[in-house]
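Reader: I have a model open on my screen and would like to talk through its empty spaces and its sheet. Could you keep the answers plain?

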Amino acid sequence: MTVQERIAKLRERMDAYGIDIYIVPTADYHQSEYVGDFFKCREYMTGFTGSAGTAVFTKKAAYLWTDGRYFIQAVKELEESGIMLQKSGEPGVPGIGEWLEAEIQKMEHAPRIGFDGRTVSIAAGKRYEEIAGRMSGRICLEKDLVGEIWDDRPDLPSEPAFSLELCYAGESTASKLERLRTEMQKSGAAYCVITGLDDIGWLLNMRGRDVAYCPLILSYAVIGMDNMELYADADKFDDTVKGKFAKDHIELHSYAAIQERMRKFQPGETILLDPEQMNYALYRSIPEDVKKLEAENPVIRMKALKNETEIANIRKAHLKDGIACTKFMYWLKTKIGTETITEIQASEKLEEFRAEQEHFIGPSFAPICAYKEHAAIVHYSASSKTDAELKKEGMILCDTGGHYMEGSTDITRTIVLGNVTEEEKKHFTTVLCSMLNLADARFLYGCTGMSLDYAAREPFWRQHLNFNHGTGHGVGYLGNIHEPPARFFWKMPMGTCTIPALEPGMVITDEPGIYIENSHGIRTENELLVVKDTENEYGQFLRFETLTFVPIDLDAVDPEQMTDRERRLLNAYHTQVWEKISSYLGEEEREWLKRYTREI
């Protein structure tokens, strides 16, 4: 079926249930960013393949909201679909809630807003219900209309899970549960319901293969003071793991049984739940006389602060990744023009280099290898239709990462393949200076990513330029490559009241970029570890330790555009790259690396 045919069928179902507006978000039942094929309802209905966005259908129109990372991509993918793009955060563009309020005002009857309540957060579900109620309307949260029309929908995954031993995790499940229960006691909660897949994986020291690019297990958890109930497919765990579960008083239940469990909470019991993570259908299943403490899941902060074992392992993972990416840069720059290489082939070659490294598991997200104007699409993904052949001209942006048993990586390098324009050099150098400035920041404890984002954007803003995405995000340890709460962004995210302070042990990316539609895109990304610096009468100072060691392509750097300090920072970084990576390369690769880490 075409997108238009799918929309027509969806509207037939809307008519059958008396639904005026139907909302299809990106999320699975756990509010995950990346979802398995079974959950890709929004992509199925719109043809838009980005990892963020919400589709809304009325009886006569269709809309898609997405953020600045995907504006160019969405325009291309929605072409001829009849779906209107709503550029979230742009001037004059209403949010979904604001749009809903205006839309139902036009109706001459009490509106009915529909959505699959399992894919909508508590916060969003309450908002939709509130909006409908203002016009004496109601919501319908029980109907998965996309599932009703999706004849060949993929099955839920059934791959086996695997343990993360203490040499990788650095802390036992029993210790983590004890810490969580301490936080529960502080809030007066007898139970904590956790629905975030990466949080459950962290607690259990378990990983799986249920989500593309994220080694996670579809599961829910109910933690009490004496036991933990795990709702997941029992067949994913072998007898050894089940024995460990029993030792830690973890009871296994079927994945589908979670909603019935919510109904069994007793009057007077107090449960802690995260309104941004738990889905609305689960929330509505909890009896009204149960006390609900709606707050951030404590595991989010616990997990974000990597322990000493994790940090040591993460450094090893980045060394492996640096070797693979440096070998790839050498291969690409020496092979281009001598053999046919496309975007997809380049991506596959880089994965080959990673696979040569011990304990490599797989890519940490969908690889972005974007040549020339494709790089202006922030989250471009090459397909058979768009797979461009690389020529000895212009640049290719490669934003990729790997999962290793020692941790997860995320790195971007923009690589020169031939002649580049003066504008491209200027933009490349601006992005480089931005990345270096942020990595070199010194700051007092209590600063947030909002406080520090100016260090990255100043080289852009001085030229009246900008980039329409965050400068950095937290990175999980064999979990989600985008991990809250750490982030660099200059303005408050929608719906967020506070931004947490940066803490020692957090891992965060530093990835400014610039995107010129139909011309070029440039991004340079390293990962940073927050560490302690000097403590004195003014307080505890912090700084960043760079984790990523891959050369910056000097063929696009304009030293005249850089300050003396910025040149010193680049030279010092390249000295580290040489010292850490060179001994793992072949003779010709080392000679190449020496040239590309030379002082400027």
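Reader: To start inside, which element gives the largest share of the lining of the largest cavity?
Author: Bearing in mind that this is a predicted model, the element is strand 1, which contributes 3 residues to that lining.

Reader: And which of the lining residues are closest to the centre of that cavity?
Author: The lining has 13 residues, and V24, C41, D116, T119 and D144 are the ones closest to the centre.

Reader: How much space lies in there, and how does the lining divide by class?
Author: The largest cavity holds about 120 Å³ of space, and its lining is made up of 9 nonpolar residues, 1 polar residue and 3 charged residues.

Reader: How many cavities of 30 Å³ or more does the count give?
Author: The count comes to 4 cavities of 30 Å³ or more, and the second largest has a volume of about 80 Å³.

Reader: Which residues line that second largest cavity?
Author: Its lining consists of S347, L350, E351, R354, F360, P363, F365, P367, T400 and G401. Two elements, helix 15 (343–355) and strand 15 (360–363), each give two or more residues to this lining, with helix 15 supplying the largest share at 4 residues.

Reader: What is the split by class for that one?
Author: The lining of the second largest cavity has 5 nonpolar, 3 polar and 2 charged residues.

Reader: Switching to the sheet, what is the strand order?
Author: It is an open sheet of 6 strands in the order 4-3-2-1-5-6, and the pairing is mixed. Strand 4 (84–87) and strand 6 (138–140) are the edge strands, each pairing on one side only, and the twist from one strand to the next averages 25°.

Reader: Going back to strand 1, in what sense does it pair with strand 5, parallel or antiparallel?
Author: Strand 1 (residues 21–24) pairs with strand 5 (residues 112–115) in the parallel sense, over 3 bridges. Within that pairing, Y22 of the sheet stands opposite G114 in strand 5.

Reader: What holds paired strands together in general?
Author: Strands of a sheet pair through backbone hydrogen bonds, and they may do so either parallel or antiparallel.

Reader: Last one: which strands does helix 4 lie across?
Author: Helix 4 (residues 96–105) lies across strand 1, strand 2 (54–57), strand 3 (62–66) and strand 5, and this helix runs at about 170° to strand 1.

Definitions and conventions: Residues are numbered from 1 along each chain as its sequence is written. This is a predicted model: local features need pLDDT of at least 70, side-chain atom pairs count only at pLDDT 80 or more; totals for chains, interfaces and linings use all residues. Side-chain values use heavy atoms; hydrogens and water are left out. Two strands pair if DSSP finds at least two bridges between them. Axes are lines fitted to C-alpha atoms, for helices over the stretch in contact, and angles run from 0 to 180 degrees between N-to-C directions. Contact means heavy atoms within 4.5 Å. On a 1 Å grid over the protein atoms alone, a cavity is a set of points where a 1.4 Å probe fits but cannot get out, and a pocket is an open set with protein on both sides within 12 Å along at least five of seven lines; lining residues have an atom within 4 Å of a point. Grid points are joined across faces, edges and corners, and a volume is the space filled by probe spheres set on the points. Ala, Val, Leu, Ile, Met, Phe, Trp, Tyr, Cys and Pro count as nonpolar, Asp, Glu, Lys and Arg as charged, and the others, Gly among them, as polar.
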